[in-house]
Amino acid sequence: MIRVVSIFPCTPDGVYLSRRSHRVAFPDMWQTPGGKIEPAETQESAVIREFEEETGISLDIGQLHYLGQSPVMVWHEIVPEGRSRDYQVYTYWVHLRENEVPQLIELEKQGSWHLVPYADLDALTSQSVPGLPPWFPELREIGRQLSAQN
């Protein structure tokens, strides 16, 4: 079982999602930053490391908020050898500061970053990688809370 983190970068105006490159699995689908949790690493350390690697933004531990295990808790990726890999997905959201905007760093995987308004998330359901759409209702509530704080 491969343990991974998935991170929703949230602002009062929306959530940043990237379009996957046409050169990788799930081409042109919406995704979040994230990746594998290393063997001796905590989930939180993996969130901070992966987020910086994929967005260029250094997070403070206080910006992390655990949503839970993905409703698509174990999913399979077909690999060239014909085997499947099992993934356990731990999902977080982070509250980005006003001046924090994700940068395109992993060009081989990411096509572009977009700030998607919370009200528009449902329109992306069929174009998102597995595991994202079940969190959209909770993200809309997070968006309401962040907007109320401003």
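Trainee: Why are Arg 144 and Ala 148 in α2 called exposed?

Mentor: The label takes a relative accessible area over 50%; under 20% is buried and in between is partly exposed (1.4 Å probe, protein chains only). Arg 144 and Ala 148 are classed as exposed, so they fall in the over 50% class. Bear in mind that this is a predicted model: local features need pLDDT of at least 70, side-chain atom pairs count only at pLDDT 80 or more, and totals for chains, interfaces and linings use all residues. Numbering runs from 1 along each chain as its sequence is written, and side-chain values use heavy atoms, leaving out hydrogens and water.

Trainee: What makes the buried residues of α2 line one face?

Mentor: Those are Phe 136, Leu 139, Ile 142, Gly 143 and Leu 146. Seen down the axis, they fall within an arc of 105°, so they share one face of the helix. The arc is taken over directions from the helix axis to the C-beta atoms.

Trainee: How do you know that Ser 18 is buried?

Mentor: Its relative accessible area is 0%, so the buried label fits. Ser 18 sits in strand β2, a strand being a DSSP run of E with at least two residues, while helices are H or I with at least four, numbered from the N terminus. Contacts of Ser 18 include Met 29, Trp 30 and Trp 113, skipping residues up to four places away in sequence; contact means heavy atoms within 4.5 Å.
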